[in-house]
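The following note is offered to a colleague who has the sequence and the coordinates at hand. Its points are numbered for ease of reply.

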Amino acid sequence: MDRRQFFIASATVAAGGVPNNNIKADSAKEPKEFVGVLVDTTRCIGCRSCEVGCSTAHNNFVPDTAADKALEEVRDTSDKQFTVVNQFKTAKGDVFVKKQCLHCWQPACAAACLVNAMVKTKEGPVTWDGDKCMGCRFCMISCPFDIPKFEYSGWNPRIQKCNMCYERLQEGKRPACVESCPTDALMFGQKRELMEVARHRVYSHPDKYVRHIYGEHEAGGTGWLYLAAVPFEQLGFRTDIGTTPYPEYTREFLISVPLVEFGVPAFLLALNMLTDRKDEVSESQGWEDE
Amino acid sequence: MNSTAVFNGELKGFLRFLLQELKPRGPWLTTFNIISIPTIIAGLIILYFRFTLGLGSVTNLSQQYPFGFWIGFDVMTGVALAGGSYVVCFVVYVLRLEKYHSIVKVTVLNGLLAYIFYSGALVLDLGRPWHIINPIIGNSFGYNSVLFLVSWHFLLYMTVLFVEFSPTIAEWAHWPKLQKFLKSLTLGAVIIGITLSMLHQSGVGAMFLMAKPKIHPLWYSEYIPLLYFVSSIFAGISMIIFEGSISSKVFSNLIGPKSHHAHHDIVLGMAKGAAITMFVYYFFLAFIFMHGDKWKLIDTPYGYWYLVEVIGFVLIPCFMYAYGVRNKNFGVIKVASIMTLLGVVLNRQNVCLIAYNWNVPVKYYPSWQEIVVTLMVVFVEIWVLRWIITRMNVLSKE
Amino acid sequence: MEFYSYVNIFETKGLAYLLLMSFLVLGVLLIKYLSTPEKKDSTSVDRKSPH
């Protein structure tokens, strides 16, 4: 081509490369991560304001933290309380641990739910949708932490678990438990920020913290992270969870599905055609052994 | 005569025929009736409480044990024991072993009723059963879920079994053209049915893959789906042998002499298949055991229980089947079939209920109401089975 | 170069191979056992394997 054509072609290409109006340049398009909460058990005083705040926000059972002696035994979350605080007596004194759904990054419950009632929202919280749920309780079987709780005593039962106050997050507020905590034991934010804070605390105070952030890799990583002064198995945490995301365990099986659906009918049809006995001895003479 | 009048005439005629068929044939006060009728009524009363007061009022389900007797036994075990349908259809329609043709209809009928009733039992166990429409109509498909696959395959397989059985229904309703058309669909239905069975039998096992930290290591492995599929083969065969021995006595007036003789050959052939399948299954279990280095777990209470299941109810009945086939000892074969069935029941209960959350302090035991409702489901199924067998051409009259 | 004179089958995959071999051998024996009935049954056709 001659120079004129070359210039026209280059100008056309350059014009095509100019950014058009569809690309936004504002800061709202910054990459976002799932949100979570950092629980620093060394700062928790066991006041259980988080239990009260959570239950109040969700119309659940509000415990009488002044009078009930709930800390005397290790409790689990229930269909009436999304979160509980437990007390553990350790060599470093009493440690208080808040228990609730960990909002895994690849939740077993969401993979298990056949109606997408359990969903990992794009903001981070794992939520339950009552309009879709059939009450099959397969999410309960799949959760390695045994978190989802079922309302066995109702005709219209719900699956109850912490949903990280998803509705409040939509309004720009923080979860109710984080809001209620008086001692800054709970910190809400994106996991990236929480991990930096957690690592900073662990490295800066090696005698104060165990060198492990629970939830960093457990079950492939969870939204809620924990710091502790003593090994986590002393605080009621399962340490046999593994780092594989739980939906991975069903991957091999689910992958084999299309293989079987296409391969087996073909194979069976071939067998059927191979065993065609129309040319051989007729059936009235009985079945011959080979 | 215009077409509307003909249709009306046909419809009225058919309704009259149906009412005639619904009349009971036979005595009311048989042993089975005396036991089953009160049980069914009790079950219905229990279900009333279940639907008004919630599952907790009639079951012992808990937060640690979300699956109980209804799922663990009715659904999971019932489905395994109904494996005979696809095995027999494979042998007759794909491998063309005509020897087994006479039991196809009754086995397919048993499978069809089993799936209908055990899926029904599943609906009873759901917390919000009216939402079962969600995964069906496309309101919300959870593709990543093993249970999505299992439930869809249940639904499709029931349809396929119905198609396989429908020629018999068309024959009963005096509709020969429809019967001929439906018969032409049989091979396709059988092939689809076997494919579906492979996936949902293993799928029922795959449901427990994510519960890895909660199931005792002797029963958990990544091969659970394959084990469930293989055990459904010999569970189905054992059910054919066991149920065949009962119905050949109860309905002996409906079976011709040639079929009675052929029945022995069928039992021997089936027992042979069961022995070989159980042999393979046992060695596969041994491989998984060695591969997972589970030796240290044997010297524990759960270890002994594992040995009881695997040696007592898999290896021993396998040998019994082999001995029975070789010596044509039908008594031994029958006992072997019962032991095998118990073994599969045990295996399903173990994975789902006994080895599940095995280190939790409060264990699960089925409540009497759960057992009564289970019996109700089984008895109603037998009532329907009896109605169909005595009125339709299911058992060979030759 | 080291020469191993003793292989611990529990530490290697030796045990799995032993299992596989015994499975194949016993499997052949089982099929042989199942194919030769002791008693003669009048309803079945007398079968002789062709040699």
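1. How many residues do chain A and chain B each bring to their contact? Chain A supplies 49 residues and chain B supplies 51 residues. The model under discussion is a predicted one, and the remarks below should be read accordingly.

2. On the side of chain A that touches chain B, the elements giving two or more residues are α3 (108–112), α4 (138–142), β6 (149–150) and α8 (251–274) of chain A. Helix α8(A) provides the largest share, with 11 residues. Sorted by class, this side of chain A holds 31 nonpolar, 9 polar and 9 charged residues.

3. Within chain B, attention is drawn to a pair of helices. Helix α3 (residues 69–81) of chain B packs against helix α13 (residues 330–354) of chain B at an angle of about 135°, and their axes are 10 Å apart. Because angles that are neither under 35 degrees, nor over 145, nor from 65 to 115 count as oblique, α3(B) is oblique to α13(B). The crossing of α3(B) past α13(B) is right-handed.

4. Which residues make this helix contact? From α3(B) come G72(B), F73(B), M76(B), T77(B), A80(B) and L81(B). From α13(B) come L341(B), V344(B), V345(B), R348(B), Q349(B), C352(B) and L353(B). By class, the contact of α3(B) with α13(B) comprises 9 nonpolar, 3 polar and 1 charged residues.

5. Chain A contains an open sheet of 3 strands, in the order β8-β1-β9, with mixed pairing. Strands β8 (186–190) and β9 (224–227) of chain A stand at the edges; each has a single partner strand, so one side of each is left without a neighbour in the sheet. On average, and with direction ignored, neighbouring strands of this sheet are turned by 20° against each other.

6. The pairing of β9(A) can be described further. Strand β1 (residues 35–40) of chain A pairs with β9(A) in the parallel sense, over 4 bridges. As one of the details, V37(A) has W224(A) in β9(A) as its bridge partner.

7. A helix accompanies this sheet. Helix α7 (residues 191–204) of chain A lies across β1, β8 and β9 of chain A, and α7(A) runs at about 135° to β8(A).

8. Chain C merits a separate remark. This chain has 1 helix and 0 strands. Of the 51 residues in chain C, 2% are buried.

Definitions and conventions. Residues are numbered from 1 along each chain as its sequence is written. Chains are lettered from A and ligands numbered from 1 in the order in which they are written. This is a predicted model: local features need pLDDT of at least 70, side-chain atom pairs count only at pLDDT 80 or more; totals for chains, interfaces and linings use all residues. Two residues are in contact if their C-beta atoms, placed from the backbone, lie within 7 Å. Ala, Val, Leu, Ile, Met, Phe, Trp, Tyr, Cys and Pro count as nonpolar, Asp, Glu, Lys and Arg as charged, and the others, Gly among them, as polar. Axes are lines fitted to C-alpha atoms, for helices over the stretch in contact, and angles run from 0 to 180 degrees between N-to-C directions. A crossing is left-handed if the near helix is turned anticlockwise from the far one by less than a right angle, and right-handed if clockwise. Two strands pair if DSSP finds at least two bridges between them. A residue is buried if 20 or more other C-beta atoms lie within 10 Å of its own, exposed if 12 or fewer, and partly exposed in between; C-beta atoms are placed from the backbone.
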